[in-house]
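Here are some exercises to help you find your way around a new structure. Try each task yourself, then read through the solution.

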Amino acid sequence: MNLAEVQRSVATELDRIAPVIDDLGRIFEAAGHELALVGGPVRDAMLGRHHNDLDFTTSARPDETERLLKRWAEATWDMGRAFGTIGCRKGEWDVEVTTYRSESYDPSSRKPDVDFGDSLDGDLGRRDFTVNAMAVRLPGREVEDPHGGVVDLAHRVLRTPGRPEDSFSDDPLRMMRAARFAAQLGFSVDESVVAAMTAMAGRIEIISAERVRDELVKLICAPYPRLGLTLLVETGLAAHVLPELPALALERDEHHRHKDVYEHTLTVLEQAIELEDRLGGKPDFVSRFAALMHDVGKPRTRKFVDDGTVTFHHHDVVGAKLTRKRMKALRFSNDQIEAVSQLVELHLRFHGYGTGEWTDSAVRRYVRDAGDQLERLHVLTRADCTTRNQRKADRLRRTYDDLEVRIARLSEEEELASMRPDLDGNQIMEILGIGPGREVGEAYGFLLELRMDRGPLSEETAREELLAWWAARSVE
């Protein structure tokens, strides 16, 4: 990318968003305030990327910003008022306008201190990276680039406007943002930035779990997550925010050679991404994070055997527990925790399929246990086949193809996705002459197991089996 290409990209994007920037520029200018398009939208405009979420910075204080936006927007909100930000929406555009500011962290605090600034240059100087420290003054559309962001954009490198140590002291989360932007943009990170991240990795501990989580999600859902994750591991940040990942780099023993689990994990993640068209084609955090965590139980379960092999028995179960613990610490939602943990626990199940020896009952249980995560389990299991032996890889793929064909056939014949016993709770109570209670649940569970073992039964057969089970239970 050269300067002429950057200029063309910016001009094209500014023309596209003119209905917003020209209107707001005139409104703020008439009120005696400065306004500039800033940060990500300017960077992306130079990269030829388009989006309708626009960030502005202004000399106006939040109350005045809110007053001016209400004259223009269809709706406004002020959840970010404490940080100087007022948001609004008009048509297809989502806009945030933030007062010039500076912020820094007390060494023992999890929340930044926010001070309002009085100049655009001062505001740009406190931003995280030079490629995000560019602005377009409005309504005149003059580009401001005091820290060489255009050059760094052309060289595809992340640098800080000032000393990285000062930037990361102001907000330690910026260290994770470096990894996230590397993953999103495919950029390299300046050596001085990497050195500061390595020296200051422990400072990330003062950042709230929620902010760390949000950066991690953005990194993992980026186009090049390997770049960001590798940076987190190499600088030591991962040891603080996701210690299970660097733990996968198991020490190699010259007498007990085994697969590099860390590299294998990154490969599985990339292969899962390649299969996301099965999940709708968009970045799927649950699927990606399950790929990243699927083997985290291996360090805890590694055993060296006398014949020179290495085993990891039950690493699926242990890994699911570790995944659940880590995601809780990072304040993920219960639904996300359960989905990812379930996939980690089930990721080895397919390997019992052999060359297709499973009974229909086993296939039903596979579907039942996967539940609404079945399609993601398909993706994870296929992605986990990373052997360099092409013949073995082809065999595994064909075997899983066969399993999916069997699942499809049984699903069509038996409605596997909504598998239920052949009798419902009311029928169970009527047949057994009992009221609601624990015994109804036990009977329901018995009939569900019977349904998976034998497939759909007639109501009469199910009734006979239920009565026989009840009689045997009564004798016991």
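## Exercise 1: Two helices that meet

Task: Work out which residues of H10 and H14 touch each other, and how the two helices are packed.

Solution: Start with the contacts in this predicted model. On the H10 side they involve Leu-216, Val-217 and Ile-220, and on the H14 side Phe-285, Arg-288, Phe-289 and Leu-292. Next, sort these residues by type: six are nonpolar, none is polar and one is charged.

Now for the geometry. Two packed helices are described by the angle between their axes and the distance between those axes. For H10 and H14 (residues 285–293), the angle is about 90° and the axes lie 10 Å apart. Angles of 65 to 115 degrees count as roughly perpendicular, so H10 and H14 are roughly perpendicular to each other.

## Exercise 2: The largest pocket

Task: Find out how much space the largest pocket holds, and what lines it.

Solution: First, the volume: the largest pocket has about 1400 Å³ of space. Its lining has 39 residues, and the closest to the pocket's centre are Asp-55, Glu-96, Arg-101, Arg-177 and Lys-218.

Then see where the lining comes from. Elements that give two or more residues include helix H3 (40–46), strand E2 (53–58) and helix H10 (209–220). H8 provides the largest share, with six residues.

Last, split the lining by type, and you get 19 charged residues, eleven nonpolar and nine polar.

## Exercise 3: One leucine

Task: Decide whether Leu-450 is buried or exposed, and list what it touches beyond its sequence neighbours.

Solution: Locate Leu-450 first: you'll find it in helix H22 (residues 438–454). Its relative accessibility is 11%. Buried means under 20%, so Leu-450 counts as buried.

For the contacts, set aside neighbours within four places in sequence; that leaves Gly-455, Leu-457 and Glu-465. To place Leu-450 against another part of the chain, try Val-95: the two are 355 residues apart in sequence, and their C-alpha atoms are 57 Å apart in space.

## Exercise 4: The whole protein

Task: Sum up the protein in a few numbers: its secondary structure, its span and its buried share.

Solution: Count the elements and you get 23 helices and 13 strands. Along the principal axes, the C-alpha trace spans about 90 × 60 × 45 Å. Of the 476 residues, 47% are buried.

Notes. Residues are numbered from 1 along each chain as its sequence is written. This is a predicted model: local features need pLDDT of at least 70, side-chain atom pairs count only at pLDDT 80 or more; totals for chains, interfaces and linings use all residues. Side-chain values use heavy atoms; hydrogens and water are left out. On a 1 Å grid over the protein atoms alone, a cavity is a set of points where a 1.4 Å probe fits but cannot get out, and a pocket is an open set with protein on both sides within 12 Å along at least five of seven lines; lining residues have an atom within 4 Å of a point. Grid points are joined across faces, edges and corners, and a volume is the space filled by probe spheres set on the points. Helices (H or I, at least four residues) and strands (E, at least two) are DSSP runs, numbered from the N terminus. Ala, Val, Leu, Ile, Met, Phe, Trp, Tyr, Cys and Pro count as nonpolar, Asp, Glu, Lys and Arg as charged, and the others, Gly among them, as polar. Axes are lines fitted to C-alpha atoms, for helices over the stretch in contact, and angles run from 0 to 180 degrees between N-to-C directions. Angles under 35 degrees count as roughly parallel, over 145 as roughly antiparallel, 65 to 115 as roughly perpendicular and the rest as oblique. Contact means heavy atoms within 4.5 Å. Buried means under 20% relative accessible area, exposed over 50%, partly exposed in between (1.4 Å probe, protein chains only).
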